[in-house]
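Trainee: Before we look at the details, could you take me through this model step by step, with the reasoning behind each reading?

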Amino acid sequence: MKMILKKVHIYFYVFSVAVSYFLFWPFFKYCSRKPSRYRAMNKLRGWWALISSAFAGIFYRFEYEQPIDWSKTYIVCPNHTSNLDISAMCVLVNNNCSFMGKQELADGLVTGLFFRSVDIPVNRDSKMSAFRAFKKAEEKLKEGITLIIFPEGMISETYPPQLCEFKNGPFRLAIELKIPILPVTSANTWEILWDTGTKYGSRPGVCNFYIHKPIDTSHLTVNDADTLRDDVYAIMKAKLEGGLQPAQV
């Protein structure tokens with residue numbers, strides 16, 4: 001019975017996302033036509049993420065190691081266990097921002113509009129596509145736009161999910177442009193909705209995130225990219241193993 005209810009809930013959540021997207025779509029479309037409107041598009045995307053999740057009884061709780069100055073530019077690196085991680089980052093980042101994600105998202109019914117405008121699609125099987133994507137990411141960072149990259153590049157195929165190895169790309173980019181890395185640990189999102197939710201469904205609940213203090217890269221060289229990657233991995237793994245305090249609801 002519990003699994004049946006979770007299966008019903010995932011359909012309800014998808015319905016909530018679809019209906020709210022339809023309501024927001026004219027505003028998204030208007031904002032997508034000019035880069036000068038992308039900041040407004042991101043604000044709307046954050047509200048959309050909040051409303052579509054809340055309607056299904058899903059909420060986000062953020063705990064901070066220290067206050068974040070969102071007037072600065074960051075490369076945000078969250079671990080990835082759920083589609084809800086994307087919604088959570090839309091809510092969290094209080095600045096103009098851009099996701100980097102797989103090429104297939106550009107063809108998605110909901111994600112397509114964003115990945116054809118404000119976000120950056122990348123075909124991981126093509127070195128040329130990856131090069132172009134990171135050049136575009138570099139341009140955005142130089143314009144003061146925060147970049148959100150899931151360093152695992154995937155959602156763990158095991159359940160419960162394990163923290164996968166991190167890719168080098170975001171850390172090398174951070175060092176080259178002297179942009180701070182902002183690690184974000186998603187503690188229990190997979191318990192609310194794992195991956196797309198198609199296998200185990202979803203349920204109402206509070207997704208807990210821990211925002212670590214930014215990691216300065218101004219003193220590093222590209223030779224330090226592997227060390228930076230491993231250090232960020234260790235920070236997030238330690239937090240996952242230590243756990244977060246549950247939200248009070």
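Mentor: Let us begin with a term: two strands are said to pair if DSSP finds at least two bridges between them. Please keep in mind throughout that this is a predicted model.

Trainee: In which sense do β1 and strand β7 pair?

Mentor: Strand β7 covers residues 205-211, and it is joined to β1 over 7 bridges. Within this pairing, F59 has V206 of β7 as its bridge partner. The sense in which β1 and β7 pair is parallel.

Trainee: Which strands are the edge strands of the sheet?

Mentor: The sheet is open and has 7 strands with mixed pairing, in the order β1-β7-β6-β2-β5-β3-β4. An edge strand here pairs on one side only, and this holds for the strands at residues 58-64 and 120-122, which are β1 and β4.

Trainee: By how much are neighbouring strands of this sheet turned against each other on average?

Mentor: The value is an average over neighbouring strands of the sheet, and direction is ignored in it. The turn is 25°.

Trainee: What angle does the direction of α5 make with that of β4?

Mentor: Helix α5 packs on the sheet, where it touches β2, β3, β4 and β5. Its direction, set against that of β4, makes an angle of about 160°.

Trainee: Which residues of helix α6 are buried, and what covers them?

Mentor: Helix α6 spans residues 169-177 and lies across β2, β5 and β6, running at about 155° to β2. Buried means under 20% relative accessible area, and in α6 this applies to P170, F171, L173, A174 and I175. The elements that cover these buried residues include β2, α5, β5, β6 and α8.

Trainee: Which residue with a positive phi follows α6?

Mentor: The backbone just after α6 has a phi near 55°, which is positive. The residue with this phi is K178.

Trainee: Why does F12 count as partly exposed?

Mentor: F12 sits in helix α1, the helix that gives the nonpolar surface patch its largest share, 5 residues. That patch is formed by F12, F15, V19, F22, L23 and F55, with about 650 Å² of accessible area together. Partly exposed residues lie between the 20% and 50% cut-offs, and F12 is placed there because its relative accessible area is 35%.

Trainee: What distance separates the C-alpha atoms of D226 and M3?

Mentor: D226 belongs to helix α8 and is partly exposed, at 37% relative accessibility. Along the chain, D226 and M3 are 223 residues apart, and their C-alpha atoms are separated by 42 Å.

Notes:
Residues are numbered from 1 along each chain as its sequence is written. This is a predicted model: local features need pLDDT of at least 70, side-chain atom pairs count only at pLDDT 80 or more; totals for chains, interfaces and linings use all residues. Side-chain values use heavy atoms; hydrogens and water are left out. Buried means under 20% relative accessible area, exposed over 50%, partly exposed in between (1.4 Å probe, protein chains only). Helices (H or I, at least four residues) and strands (E, at least two) are DSSP runs, numbered from the N terminus. Contact means heavy atoms within 4.5 Å. Axes are lines fitted to C-alpha atoms, for helices over the stretch in contact, and angles run from 0 to 180 degrees between N-to-C directions. Patches are made of residues with over 30% relative accessible area and no salt bridge: like charges are joined within 9 Å, nonpolar side chains (Val, Leu, Ile, Met, Phe, Trp, Tyr) within 5 Å. Accessible areas come from the Shrake-Rupley method with a 1.4 Å probe; for residues, only the protein chains shown count as cover. A salt bridge is a side-chain nitrogen of Lys or Arg within 4 Å of a carboxyl oxygen of Asp or Glu.
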